[in-house]
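Follow the empty spaces in this protein, then the charged pairs. The walk goes from pocket to cavity to salt bridges.

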Amino acid sequence: YKFFYLWIFFLFLFFCVIFFLPPTTASYHNIFHALRPKKFNLRAAFEKIKGNIAHIKNFQFFRGLLLVVILYWIIAQLLEFQFTKIVDENLLSSVGEQNHADKLASGLGSLQIIFHTSALAVQLLIASRILRKFGTIAGFLLHALMTFFSAVSLLFGFNYFTMLLAKNNFELTGILHKNAYEVSYYAIHHATAKYLRQFLEAFMYPVGTIIATLLLLALNLFFLENHVLPILRLIMVFLALLMVIITLRLQQSYTNVSKKYLLESEHKLSKLHAVEILSQKGHRNVLSTFISALKKPNQSVEVKSKILSSLGQFQNQNTLPVIVSFFNNADPVLSITAIRAVTNFKHLKSFSRYHVIAELKNLFIKTNHESIRIRIIEALVALKYEEIVDFLMGVMQNASDKLKIAAIRASASFEDQMASSYLERFLKDENCFVKAEAILALWKLNYNHKRLKQLIQTMFQSSKREALTAVCSILGDIGDVH
């Protein structure tokens, strides 16, 4: 105990030093001054709460999220009460009154370890994959549905096993619920989200707990003891079903708030978050919103680039004209993004594919930007251009060293050993990086490894810094050359 009191004393002394003796350095002084406790203003606190409520009224999505959060905490408390009660009764019937408290604490602790270990496994292994594949709202919906089915199983077969199963299901899918809850705040501007989050977590969590506690007290007050649990399980079924219905209605409002921020917000980060959200599964009619956002005159390059990447992921051929229109954009970043977007299309129709390839070839001739021309080579390979061999041969014959490297890399991607006879001449190229890329390409094509090893050794022993840099850049792909 003496050590404990001593520890408290020094902890108190530490905080006194932090808050009352801040460093004189200006930057640190400002930080510690901001940490000083400010005088509490009751009126300002109520105004902040009023503002948070007004924000929630303006966003239908957050009105629905508010109800889901409250229902989640009510059900959590009701389930915890039944779980503790049945574990207590099971231990009482098996071990009796002797050491009952110790056995109960040990039993509850062991079960909680099992539940939360399972939840941790879900978090680490599959939670992000589920949200990425099915969308954010799917996280809420999976939890609500599993809770509903668990509540129904308790209603028709309440015993120790079904209770443990219901509790475990709630904890496992609760991880998805919490992940979806965290992600949902990206739908709105950061400053607004911060205050809404504080309001929800500071007020709604306790409100859900209080409602559940009052409900338990009311049931015990107005009903007989043997009627309390059946009525409680019926209430849980109703609350879980209500959570499912509200969650199903969340999807459209979640889509709408994201569209609103993409088209109307002046904050670039909010728009980028909106594009990321609308690119997820579960949203409807987002392509027209993306196209409208692309056509806005003052739209930032970053937002346009993000939208073009998302259009490529959707692979909707109706958006091809819009993507292709950015090939000749004045900003090379948008041109490169548009070219990369079309390479994602796996099943282009005949005329669409012909048009895209023609536009890429025209752009290759017109532009002097080497990064764009390199991306065009990669795109033509990905689109399986019929005359790609003639195209690559022309590039390797007349283009710059950077384009030669891109053409050599593209030639190796076909895994055709006959290509080695056309690439062999680049082993004598004066440019060290072209020579190194040719070595790597021929190595992948199983060309005379003995000769290639000798060339690698020669480049290692070279006095030129460029030769050493070039050969080091390919060793990761080649592996052990001994």
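The model is predicted. Start with the largest pocket and its walls. Helix 13 gives the largest share of the lining, 5 residues. Helix 13 spans residues 301-314. Helix 6, residues 127-134, also gives two or more residues to this lining. In total, 21 residues line the pocket. R132, E276, S279, Q280 and K281 lie nearest its centre. The volume of the largest pocket is about 560 Å³.

What is the chemical make-up of this lining by class? Polar residues number 10, charged residues 6 and nonpolar residues 5.

Now turn to the enclosed space. The structure holds 1 cavity of 30 Å³ or more. The volume of the largest cavity is about 40 Å³. Which residues line the largest cavity? They are L79, M146, T147, S150, A151, A166, N169, F170 and M236. Two elements give two or more residues each to that lining: helix 7 (136-156) and helix 8 (160-184). Helix 7 provides the largest share, 4 residues. By class, this lining has 6 nonpolar and 3 polar residues. Charged residues are absent from the lining of the cavity.

Next come the charged pairs. How many salt bridges does a search of the whole structure find? The search finds 8. Three of these pairs are followed here, beginning in helix 8.

E171 forms a salt bridge with K167. Their closest N and O atoms are 3.0 Å apart. Both residues lie in helix 8, and 4 residues separate them in sequence, about one turn of the helix. Are these partners buried or exposed? E171 has a relative accessible area of 14%, so it falls under the 20% limit and counts as buried. K167 is buried too, because its relative accessible area is 3%. Helix 8 thus appears twice on this tour: it contributes to the lining of the largest cavity, and it carries the pair E171 and K167.

The second pair leads back to the largest pocket. K306 and E276 meet through their side chains in a salt bridge, 2.6 Å from N to O. K306 lies in helix 13 and E276 in helix 11 (residues 268-278), so the pair ties together parts that are 30 residues apart in sequence. E276 is also one of the residues nearest the centre of the largest pocket. Helix 13, home of K306, gives that pocket the largest share of its lining. How accessible are the two partners? K306 is partly exposed, with a relative accessible area of 30%. E276 is partly exposed as well, at 39%.

The third pair sits in helix 17. R375 forms a salt bridge with E378, and the closest N and O atoms are 3.6 Å apart. Helix 17 covers residues 370-382, and about one helical turn separates R375 from E378, because they are 3 residues apart in that helix. E378 has 39% relative accessibility, so it counts as partly exposed.

One last step concerns shared partners. Salt bridges that share partners join E80, K167 and E171 into one network. The buried residues K167 and E171 therefore belong to a linked group that also includes E80.

How values were computed: Residues numbered from 1 in each chain as written. Predicted model: local features only at pLDDT ≥ 70, side-chain atom pairs only at ≥ 80, totals over all residues. Heavy atoms only, no water. 1 Å grid on protein atoms, 1.4 Å probe; cavity = no way out; pocket = protein on both sides within 12 Å on 5 of 7 lines; lining within 4 Å. Points joined across faces, edges and corners; volume = space filled by probe spheres on them. Nonpolar A, V, L, I, M, F, W, Y, C, P; charged D, E, K, R; others polar. Salt bridge = Lys/Arg side-chain N within 4 Å of Asp/Glu carboxyl O. Buried < 20%, exposed > 50% of the residue type's maximum accessible area, 1.4 Å probe, protein only.
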